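Me: Please take a close look at the parallel sheet in this model and what packs around it. Keep it brisk, and spell out any cut-offs.

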Amino acid sequence: MRSYHHHHSSLPLCTRAHQIGALALVVVTFLLTRSLDRFSTSFPHSDYSPHSSSQSNSDLFHAGALNWPQRGYGNSIDLRIYVYDESEIEGLRELMRGRDGQITSQACIKGQWGTQVKIHRLLLKSKYRTMKKDEAEFFFVPSYVKCVRMMGGLNDKEINRTYVKVLSQMPYFRRSGGRDHIFIFPSGAGAHMFRSWATYLNRSIILTPEGDRTDKRDTSAFYTWKDIIIPGNVEDGMTKFGGSRIVSPLPLKKRKYLANFLGRLQGKTGRLQLIELAKQYPDKLESPELKFSGPNKLGRADFFDHLRNAKFCLAPRGESSWTLRFYESFFVECVPVVLSDQVELPFQNVIDYTEISIKWPSTRIDTELLDYLQSIPDERIEEMIARGREVRCLWVYAPETAPCSAMLGILWELQRKVRRFHQSAETFWLHNRSFVNRDLIEFHSWRTPVPLP
């Protein structure tokens, strides 16, 4: 023992070399930590990096990135999508620019129908895009028709006529009966923007936020077996993508109102009932008279300033079952209360909406609703807001390279609809695996215009 003690004590406890080495280690550790901090904040945590510790969403996110559950979707996205060019088909440019070609894509990217531009742009840059029609599993047909109509570029008859002309120039559309062709109809009118949709697009994949008939139509243009509900277009400035926030959420204790309703009346019963309720209980429910045009038009920042000042944001039915208010509420961090019985919500296979929202019968919009909302403890409200903060990245139309985005969600949903084999009433096949039409002409010799239903 004495020998060991003598040998050990003879060594210097801390040489100058040790000190320099330790200092260098501290500096390297500091720089590495700072570097990792900067990397982890390259995507805003609240929008792109959900808490992986969440119990309800642990199967949806992994290491802060979107990890779609394996419910028939496959292990990874493996798609080939052909995007039609506006110059390759006569009439397609009109559906995007109007009869005179004067409407710009930038003018159409704003507002609730901006998804028709955003999805098109994102697909043009997508790694899943193919330039070869023969290897494509899907064909995307770009159209900004809602915007074009709203801006006077085409009327309803012109839209209908132009769609039919465009489709007649697509042999691949006829080959599958349209089953592998994708169309976007981003407004409450849905596919009704194309009056003859039921004749021509009844087998095509329609991307729409609208899962119900509009009040102006007797039938729905949405079919759960083929179509995909997409999120509404929340302004980029709200989502932190493409700009800074327009407005930041308020702490729950500082919010003035229990609930709010911000929107046009449109003569709808549920909305009129909310206005009357706000008059009876102005200290609980805010529903200001909003000016959406004219000199007193409410600015976007002012609008969101109102929206953030309540614990609950009420989202009643308008002309159709969906409202953009549902999606906007997640970015001011109020709990959305859906007052629309027929509403369809996006990505229902993977999102548990009971964790992040409330759906209340539209037939019970009265004091009972306010009493119910007031009975919910702040702790539960905070929990729902936190859950909503985790999944709201799925409302953001960001590039597919982001860990989580609406575009990634749509691509996963499309993958589930890939068919190995397509057929239509006008397509036939022979023993040598060739596809022919009724005249036994092989597919690659088909000439446009091709016959339509």
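Reply: The sheet comes after a few basics, followed by its core, a helix pair, a glycine in a loop and the end of the chain.

This is a predicted model, so local features need pLDDT of at least 70 and side-chain atom pairs count only at pLDDT 80 or more, while totals for chains, interfaces and linings use all residues. Residues are numbered from 1 along each chain as its sequence is written, and side-chain values use heavy atoms, with hydrogens and water left out.

The protein chain has 17 helices and 14 strands. Both are DSSP runs numbered from the N terminus: helices are H or I with at least four residues, strands are E with at least two. Of the 453 residues in the protein chain, 52% are buried. Buried means under 20% relative accessible area, exposed over 50%, and partly exposed in between, with a 1.4 Å probe and protein chains only. Contact means heavy atoms within 4.5 Å. Take the contacts in the protein chain between residues at least 6 apart in sequence: 69% of them join residues at least 24 apart.

Now the sheet. It is open, has 5 strands and runs in the order β3-β4-β5-β6-β7, with parallel pairing. Two strands pair if DSSP finds at least two bridges between them. β3 (81-83) and β7 are the edge strands, each pairing on one side only.

Work across from β4. β4 and β5 run parallel and are joined by 2 bridges. Phe139 has His181 of β5 as its bridge partner. Next, β5 pairs with β6 in the parallel sense over 3 bridges. Here Ile182 has Ile205 of β6 as its bridge partner. Then β6 pairs with β7, again in the parallel sense, over 2 bridges. Leu207 stands opposite Ile228 of β7.

Is β5 covered on one face or both? Both faces are covered. His181 and Phe183 are buried on one side, Ile182 and Ile184 on the other. In a regular strand, side chains alternate between the two faces of the sheet.

The sheet feeds a nonpolar core. Such a core is a set of buried Ala, Val, Leu, Ile, Met, Phe, Trp, Tyr and Cys residues joined through side-chain atoms within 4.5 Å. The largest one has 59 residues, and Ile119, Leu207, Ile351, Trp395, Leu411 and Leu414 touch the most other members. At least two residues each come from β3, α6, β4 (138-140), β5 (181-184), β6, α13 (300-307), α14 (325-332) and α17. The most, 7 residues, come from α17. Apart from this core lies another, of 40 residues, among them Ile89, Val166, Met170 and Met193. In soluble globular proteins, nonpolar side chains tend to be buried together.

Ile119 links several of these pieces. Leaving aside neighbours within four places in sequence, Ile119 is in contact with Phe140, Ile184, Leu207, Ile230, Tyr397, Met407 and Ile410.

Ile119 also takes part in a helix contact. Helix α6 (residues 115-124) packs against helix α17 (residues 406-416) at an angle of about 75°, with the axes 11 Å apart. That angle makes α6 roughly perpendicular to α17. The axes are lines fitted to C-alpha atoms, over the stretch in contact for helices, and angles run from 0 to 180 degrees between N-to-C directions. Under 35 degrees counts as roughly parallel, over 145 as roughly antiparallel, 65 to 115 as roughly perpendicular, and the rest as oblique. α6 contributes Ile119, Leu122 and Leu123 to the contact, and α17 contributes Met407, Ile410 and Leu411. These residues divide into 6 nonpolar, no polar and no charged. Ala, Val, Leu, Ile, Met, Phe, Trp, Tyr, Cys and Pro count as nonpolar, Asp, Glu, Lys and Arg as charged, and the others, Gly among them, as polar.

Back to the sheet's β6 and β7. Gly211 lies in the loop between β6 (205-208) and β7 (228-229). Its relative accessibility is 12%, so Gly211 counts as buried. Outside its neighbours within four places in sequence, Gly211 is in contact with Ser220, Phe222, Ile229, Ser321 and Glu344. Gly211 and Ser321 are 110 residues apart in sequence, yet 7.3 Å apart in space, C-alpha to C-alpha.

Last, the end of the chain. Arg433 sits in the loop between β13 (428-429) and β14. Arg433 is not a glycine, but its phi is positive, at about 70°. At 73% relative accessibility, Arg433 is exposed. Leu440 is in the segment after β14. Its phi is also positive, near 65°. Leu440 is exposed, at 59% relative accessible area. Pro449 is in the segment after β14 (435-436). The peptide bond from Thr448 to Pro449 is cis, with omega near 0°.
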